[in-house]
Amino acid sequence: MPTPVTMPRLGESVAEGTIGAWLKQEGDLIERDESIAEVITDKINAELPSPVAGRLVKILVKVDETVPVGAEIAIIEESADVAAATTSSTPGPDAAPVKSVSEAATPLPDSQPTATTQVARSNGINERVQGEDEERQRISPLARRLAREHGIDLNDIAGTGSGGRVRKEDILAYVAQQQNVATPAATYTPAATAPAPVAQQAAPARQEMPTTTAAELTEAGDEVVVPSRMRLAIAEHMVRSKRTSPHATTVVEIDMTNIAKWLAKNKEEFKRREGYGISFVPFVMKAVCEGIRKFPIINSTWTPDNKIIIKRHINLGMAVSTDTGLVVPTIYDADQYTLAALAKQVNSLAQRARTNKLTIQDMQNSTFVVNNPGVFGTIISMPIINQPHAAILSMDAVVKRPVVIEDDAIAVRSMMFMSMSFDHRILDGAGAGGFLQAVRTKLQSYGRDIDVY
């Protein structure tokens with residue numbers, strides 16, 4: 001039976017991927033979970049495992065070719081005996097977006113006609129329908145969304161991808177070019193029938209700043225840096241997040257003294273014994289998991305059809321800064337781990353992220369993110385939500401300072417500010433504040449003796 005292999009989603013913000021190399025060739029026998037291709041995205045490079053054991057009978061996407069997430073890139077025949085027969089077969093109508101890349105796949109509509117296709121043929125408009133399908137297929141989903149957001153007619157853009165495919169980079173380049181040459185009147189002039197002159201004055205003001213080019217801002221000795229693909233992807237994702245979710249942020253202060261004292265006393269011995277370190281992060285993650293159990297709405301997402309999905313699994317994303325940019329790998333079912341096990345997961349993911357060894361699964365299915373800018377000494381931070389999550393938590397530096405404790409006494413305590421940005425469509429201040437209060441209560445409940453196992 002032929003089994004299609006699709007382009008995986010390597011992170012919530014990734015909409016397409018590029019085949020860096022095929023590790024197997026057509027006709028090769030493959031074991032289940034054996035790597036068959038190297039996939040490159042704006043976030044990571046990863047090896048794609050085979051979903052089944054069998055023979056690779058068809059490669060649908062060439063090396064250096066970019067296709068959207070979910071597109072079929074290869075076919076594996078679970079029965080090796082029929083490999084030759086399936087080499088020229090088609091995997092089904094769902095493979096249409098990939099078929100447009102392969103010339104051998106173009107006869108699909110004729111080979112598997114539907115009632116709609118027959119009617120179109122009888123009306124003499126089948127060629128137009130097929131042409132529209134091909135037009136849709138040659139535009140990546142991410143490029144189409146960017147074009148819609150910027151109000152761009154895709155017919156005005158020459159795609160640089162394979163077969164004239166319009167890619168995200170083409171849209172961004174076109175927007176930059178238009179900002180360099182377009183005048184406010186040409187871009188935002190209202191209809192002649194518009195009665196209100198105020199609208200005519202407001203539109204140019206919105207276009208005034210983007211028309212300033214890098215060349216106009218550059219002085220002698222300045223350096224102009226072209227952002228990397230990852231930086232462009234991060235920029236696009238952050239702008240989209242702010243546009244999508246009405247952000248609100250709330251901050252609490254937490255006394256981390258007992259945890260800080262335990263770490264100062266035990267972290268070196270813990271590392272010698274376990275082979276990996278432990279920090280404040282696992283403690284915060286553990287507290288977050290308990291807070292989510294009390295406030296499940298934190299672990300949710302807002303859907304395009306105006307519904308809220310509360311996730312059953314607590315999969316914590318962990319923001320990791322690397323030399324090439326920020327990545328957010330996932331700790332699956334984080335609420336099932338002890339503090340020591342969470343520390344192991346944190347160390348393992350951070351190491352794999354910084355050595356570019358994250359897997360496809362590492363970059364998928366997070367439901368809430370814990371960010372730790374405090375490692376850089378930050379005091380208060382306001383993170384941007386990682387779509388499509390409901391919120392993101394940021395833990396800042398633990399700093400000793402004098403505070404007022406019981407009976408109005410003043411003592412030196414290890415204090416930390418913790419902030420959470422949340423989607424105001426899903427949460428109000430009471431829910432966000434209640435969750436942070438639960439996290440703070442858990443963190444301040446630890447005594448001098450802590451069992452991390």
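How are α13 and α15 oriented to each other: parallel, perpendicular or oblique? The legends below take up that question first, for a model that is predicted.

**Figure 1. Helices α13 and α15 cross each other in this close-up.** Their axes come within 8 Å and cross at roughly 135 degrees. Angles over 145 degrees would count as roughly antiparallel and those from 65 to 115 as roughly perpendicular, so α13 and α15 are oblique to each other. The crossing is right-handed. On the α13 side, the residues that meet α15 are Phe-283, Val-284, Ala-287, Val-288, Glu-290, Gly-291, Ile-292 and Lys-294. Their partners in α15 are Phe-435, Ala-438, Val-439, Lys-442 and Leu-443.

**Figure 2. Helix α15 has its buried residues on one side.** This helix runs over residues 429-444, 16 residues in all. From first C-alpha to last it reaches 22 Å, close to the 22 Å expected at 1.5 Å a residue. Look here for the buried set: Ala-432, Phe-435, Leu-436, Ala-438, Val-439 and Leu-443. They cover an arc of only 150 degrees around the axis, which puts them on the same side of α15. Their cover includes the helices α12 (257-274) and α13 (280-294). Strands take part too, among them β9 (247-255), β16 (368-371), β17 (391-395) and β19 (410-423).

**Figure 3. Helix α11 is another example of one-sided burial.** Residues 229-244 form this helix of 16 residues, and its end-to-end C-alpha reach of 22 Å is close to the 22 Å expected at 1.5 Å a residue. Its buried residues are Met-230, Ala-233, Ile-234, Glu-236, His-237, Arg-240 and Ser-241. Because they cover an arc of only 165 degrees around the axis, they lie on the same side of α11.

**Figure 4. Leu-339, in helix α14, is a buried residue.** The helix spans residues 339-354, and Leu-339 has a relative accessible area of 5%. What does Leu-339 touch, not counting residues up to four places away in sequence? Its contacts are Ile-278, Pro-282, Phe-283, Lys-286, Tyr-446, Ile-450, Asp-451 and Val-452. The C-alpha atoms of Leu-339 and Tyr-453 are separated by 6.3 Å, although these residues are 114 apart along the chain.

**Figure 5. The protein chain, for context, has 15 helices and 19 strands.** Of its 453 residues, 42% count as buried. Among the contacts with a separation of 6 or more, 63% join residues 24 or more positions apart.

Definitions and conventions:
Residues numbered from 1 in each chain as written. Predicted model: local features only at pLDDT ≥ 70, side-chain atom pairs only at ≥ 80, totals over all residues. Heavy atoms only, no water. Helix = DSSP H or I, 4+ residues; strand = E, 2+ residues; numbered from the N terminus. Expected span 1.5 Å × (residues − 1). Buried < 20%, exposed > 50% of the residue type's maximum accessible area, 1.4 Å probe, protein only. Arc of directions from axis to C-beta. Contact = heavy atoms within 4.5 Å. Axes fitted to C-alpha atoms, helices over the stretch in contact; angles between N-to-C directions. Parallel < 35°, antiparallel > 145°, perpendicular 65-115°, else oblique. Left-handed = near helix turned anticlockwise from the far one by under 90°.
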